[in-house]
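The following note is offered to a colleague who is meeting this structure for the first time. Please read the points with the model in view.

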Amino acid sequence: MSEIVEEIREAYQAVGIRLDQPAAYGTYYRLLCAGCGRMVGNVGDRLLPGMARQIVDEQFDLYAAGLLGCACGHQRDTTQRLNPERWRRSQARYGGLTEGAQS
Ligand SMILES: [Zn+2]
């Protein structure tokens, strides 16, 4: 397994997504929900060092709000544990089903 694939794997693992075995020709990997195994997307291995982490980081708010990731909510739960403070801000921004806005 190449270094970049390992980096991609770690980046997605942080938000509750795991890499499947390489799809055709080993240039694309399926992204599977670490909670229920459902496929949630694809990622290519032509990324540059640091990019995978950056992509996942940019998507954090969407995972947190449940706008991206699996319908089972695993990424939403995982991001909450990963960064509770940022997670709360994401709920406010995207109007997720939260413990309510402060009033
Ligand atoms: Zn799932």
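1. Strand E2 shows two distinct faces in this predicted model. Tyr29, Leu31 and Cys33 make up the covered face of E2, while Tyr28, Arg30 and Leu32 lie on the uncovered one.

2. The sheet to which E2 belongs is open and has three strands, in the order E1-E2-E3, with antiparallel pairing. Strand E1 (17–22) and strand E3 (39–44) are the edges; each has a single partner strand, so one side of each remains without a neighbour in the sheet. From one strand to the next, the twist averages 35°.

3. As general background, the strands of a sheet are paired by backbone hydrogen bonds, in a parallel or an antiparallel manner. Here, E1 and E2 are joined by four bridges in the antiparallel sense, and Arg18 is found opposite Leu32 in E2.

4. On the other side of the pairing, strand E2 (residues 28–33) meets E3 over five bridges, again in the antiparallel sense. Two residues of the uncovered face of E2 can be followed across to this partner: Tyr28 stands opposite Gly44 in E3, and Arg30 stands opposite Asn42 in E3. E2 and E3 form a hairpin, with five residues between the two strands. In its turn, Gly37 has a positive phi of about 85°.

5. Which residues of H1 are buried? They are Ile8, Ala11 and Tyr12. Viewed down the axis of H1, the buried residues fall within an arc of 90°, so they line one face of the helix. In general terms, an α-helix has 3.6 residues a turn, so residues three or four places apart point the same way. The exposed residues Glu3 and Glu6 are carried on the face of H1 that is turned away from its buried side.

6. What covers the buried residues of H1? The cover includes E1, E2, E3 and H2.

7. A separate point concerns helix H2 (residues 51–64) and helix H3 (residues 74–82), whose axes come within 8 Å and cross at roughly 115°. The crossing of H2 past H3 is left-handed. Phe60, Tyr63 and Ala64 of H2 make the contact with Gln75, Arg76, Thr79 and Gln80 of H3. By character, the residues of this contact between H2 and H3 comprise three nonpolar, three polar and one charged.

Technical notes
Residues are numbered from 1 along each chain as its sequence is written. This is a predicted model: local features need pLDDT of at least 70, side-chain atom pairs count only at pLDDT 80 or more; totals for chains, interfaces and linings use all residues. Two strands pair if DSSP finds at least two bridges between them. Axes are lines fitted to C-alpha atoms, for helices over the stretch in contact, and angles run from 0 to 180 degrees between N-to-C directions. A crossing is left-handed if the near helix is turned anticlockwise from the far one by less than a right angle, and right-handed if clockwise. Two residues are in contact if their C-beta atoms, placed from the backbone, lie within 7 Å. Ala, Val, Leu, Ile, Met, Phe, Trp, Tyr, Cys and Pro count as nonpolar, Asp, Glu, Lys and Arg as charged, and the others, Gly among them, as polar. A residue is buried if 20 or more other C-beta atoms lie within 10 Å of its own, exposed if 12 or fewer, and partly exposed in between; C-beta atoms are placed from the backbone. The arc is that of the directions from the helix axis to the C-beta atoms.
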